Every structure is written in C-alpha cells, then in structure tokens.
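Me: I should like a close look at a single part of this structure, followed by an account of other features that were computed for it.

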Amino acid sequence: MKRTIAILALVFSISSAFTADNVSIQANWSSDDDTLPEKLPKKLMGKTDDEIQKAVFQGYENQLKVISEYNGNLLDSESPYAYFKDEMPIPNTRTSNPQSDVVFYNNAIRGFIGYNKNIIIIKWVPDQVVTEIGWKELSVRGRYTFINSTYLDQGRYHIQLKDMTYLASTTLSENSGAYPSTVPKSSISYKNILVSFTGGLPQLSKTSDSTNVKHFVEDIIFQNVADRILKDTHKNITSAIRQSVSKYVIFQNDTVFNFPGVNGKLPTGTTGYSFSNTIISGLSNTEIKLKKITAKIAVNTLTTDLRVTIHSLNGKTDFKLEESKPTIGKATFTVGRIDANISFNMLKTTECKSEVTINQSNMKYDAKLTGDNEKVLTKAFFDNITAQLNTKICKTFGQTTK
C-alpha cells in the first residue's frame, strides 16, 4: 500500500525565455508503507518469531535514526524546495580513440523544466529514498572539432536524448550528514538518441557507432547531469522525509510554547492553584534507543521496548495561588534529565505503556510562598509534565502501528 501526497516538489527558476506556465507541474512523494517495520510480519509469513524479530529490529532501528535526526528540529528547514534552472553547462571535453579525436566545447544541455515525471519514494526498511525524474526530450548543443590523420572537420552539433530518466537512491537516515556528492552515471538512462553535425560527420542514431560520442554522452554528460540533479533535489528529498516522518517525531520543535497547564487544590481543600502559559525548551536534546523486539505472531503481538532520554530542559510558567489575597507570579524551572521506558505493541495501537521519571528538577518562584505551599505546587507542576509526556509518547509511538 502506498500513501501518496501531492506536493510542489521541484520549483524551477525560469530564464527569460520561459513563462510561469512551464513550472506548473506538481510532483509526488510517497511513503512505501509496505516497507514500514510493522508491515514486515505480513511479508515474512512462514518465518519464525526469531527471524521476524531480527528483521523488525533492523527496520525499526533505521526508522528511529530518521526520527532522531528530525526530533526537535522538524520545522527548521531554511527553504522547503530547491530551484532548478532549465539549462546547465557541460565541460569542454576531448575524446580520443585509436583512429581520431573529437573535441566538444561550448556545450550546454537544455530542457530540464519540461519534465513529465517527478517522484520521490520513501522506503523505510531498505533505508532508501528513491528519486525518479523523467523528460520526453533533452537537448545538448555546442561546437565540435574532429581530427584524424587525414581530415579536419569543425562545426556545430546537436544531441537529442529521447525519454531520458534520472533514477537514483540515497540514504533515508542521515539524509543531512551523509547525503552523497555523487551518484553513478548509470543513474541516467534514455531510450533513443539522435546526433547531428553541421560539418561532414554523419548523423548518428546510436552511440555504438562512435566511441567518441558514446564517451561524451554516457560518461561526461550523464555524470555531470546526474550529480547536478542529485545536488538540486536534496532540499526536495529533505522536505519529503520531514513530511513522511512528522507523525513519528515526539517533539517537532526544540521549544514548546503551549505545554498543557494544570490546576488543583492545596491539601486543605479550599485553596486552589493553577499553572498556565508554560514554555519548555531543550527538547532537541532527546535520545531514542531501541532495546528489544519481541515477536509472538500467533497472538498478534510485536512488542517494542524503547528507552527515551531528554537532557537539560528549562522553561518558565505563570502560576496563581487563589488565597484570600491571590498570589500571581511567574516561575522558572530546570530539569537535568528525563528518563522514559516505553513498551508498545506494533500490531495493536491501544497497547502502550510509558514510564517517565524526572531527575534533578528545580523550580524558582518570583513571589514568596510558604515552604509547604511551594512543595505542593512544585510537585503538582512536575507531576503534570510526567503525565503529559506519558500520554504524548504513547500517542506518538502508537502512530507507527497505523
């Protein structure tokens, strides 16, 4: 099953020869949900629980790498989409074989904004992003000089590449840090070619008729085009990954400005208190590690045990103590570390248990409170953080079972 969402994935910059109508085509990204870890048991029907455990463990580790990469900075992208010019230069190239040399110079390939296919596919378990872009025709033009022992020919050339496709895979995890600078020239393919010269060289309809042309097209042009497309689609791939992983990310930003408040009463039962406008920062300091996978497929159970650690949180909140003369003020707080142990069943969304423990917490109030009242308020505040995180974590990881 594939879930496909249309996005404007490649917005091309336009030279003066083109109008905005040339960039109106929308592209698609899709998540190949059949490659999600929780879908592996169906694909591995007939395998033992131990074999399924190992396969799911590897797949889920890959998914957690992606989740961790964007946890706390999911929305930090400087620009969601890249821009692609219609034309790119190809380096001057001297090709040689035992019989002759051909020099190709002043080379340029055109037609990139006329793509008719533009697809990005997220494949979770193989840890891959597959990008495919297709063109009905791309055109290479320039000048050439042909030289052999008895003949010199000069003029202009025109190479028409029909049904050209760029198809390449990059890693899904570590998309930011390990994105490649090059892909194989075999990432470019085509169905038909027509090469013409204004001088005395014959027209060609296949590169095998000229080793010089074959080298220029399939080694030089294809490598330059493949690397250029790879570079220019990076932001688009990043945007697709961000959207596909968003529902699995616990904290989309480092800072939460609308953390749920809490209210209650002091032990006396008559005096109420409340916390509101709570802001928490430091959520990008989160580590998520997979501890184990336990498969019992006969009873529809695929238990996932995780450890989540959050370091160095800080924030502020408004508080109110509703005494005969209300006390209203602000408080700041710090948390050295939060530990959470999570266990959930990938095959049943409702089976999730999260145990959150807050360590090294501290709270300071800008208004004077009695020692007992300060203890009650501080405990209620951090108990609320614990409860909210338990709910948030289970809700987020439960998404992986849908």
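Leaving aside its neighbours within four places in sequence, which residues is His158 in contact with? Please describe the setting of His158, and then turn to the disulfide, the largest pocket and the largest cavity.

Reply: The model is predicted, and the description below should be read as such. Once the neighbours within four places in sequence are left aside, His158 is in contact with Ser139, Val140, Arg141, Leu194, Val195 and Ser196. One of these, Arg141, also takes part in a polar contact, in which its side chain and that of His158 are 3.5 Å apart. His158 itself belongs to strand β8, which covers residues 152-171. The relative accessible area of His158 is 14%, and because the limit for a buried residue is under 20%, His158 is classed as buried.

The disulfide comes next. The whole structure was searched, and 1 disulfide was found. Its partners are Cys352 and Cys394, with 2.0 Å between their sulfur atoms. The link is left-handed, with a value of -90° about the S-S bond. Cys352 is in strand β17 (residues 352-365) and Cys394 is in helix α5, so the disulfide ties together parts that are 42 residues apart in sequence. The two cysteines fall into separate accessibility classes: Cys352, with a relative accessible area of 24%, is partly exposed, whereas Cys394, at 17%, is buried.

Helix α5 (371-398) appears again in the largest pocket, where α5 and β11 (255-259) are the elements that give two or more residues to the lining. This pocket has a volume of about 420 Å³. Its lining consists of 20 residues, and those nearest the centre are Ile250, Phe251, Gln252, Val256 and Lys392. Sorted by class, the lining contains 9 nonpolar, 8 polar and 3 charged residues.

The last feature is the cavity. A search of the whole structure gives 1 cavity of 30 Å³ or more, and the volume of the largest cavity is about 40 Å³. Its lining is made up of Phe251, Phe259, Ile280, Leu283, Ile310, Leu313, Ile338, Ile385 and Leu389. Phe251 is thus named in the lining of the cavity and also among the residues nearest the centre of the largest pocket. At least two of the lining residues come from β15 (301-322), and at least two from α5. By class, the cavity lining has 9 nonpolar residues, with no polar and no charged ones, whereas the lining of the largest pocket includes 8 polar and 3 charged residues.

How values were computed:
Residues numbered from 1 in each chain as written. Predicted model: local features only at pLDDT ≥ 70, side-chain atom pairs only at ≥ 80, totals over all residues. Heavy atoms only, no water. Helix = DSSP H or I, 4+ residues; strand = E, 2+ residues; numbered from the N terminus. Buried < 20%, exposed > 50% of the residue type's maximum accessible area, 1.4 Å probe, protein only. Polar contact = N/O pair within 3.5 Å; in protein donor to acceptor, adjacent residues only side chain to side chain. Contact = heavy atoms within 4.5 Å. 1 Å grid on protein atoms, 1.4 Å probe; cavity = no way out; pocket = protein on both sides within 12 Å on 5 of 7 lines; lining within 4 Å. Points joined across faces, edges and corners; volume = space filled by probe spheres on them. Nonpolar A, V, L, I, M, F, W, Y, C, P; charged D, E, K, R; others polar. Disulfide = S-S within 2.5 Å.
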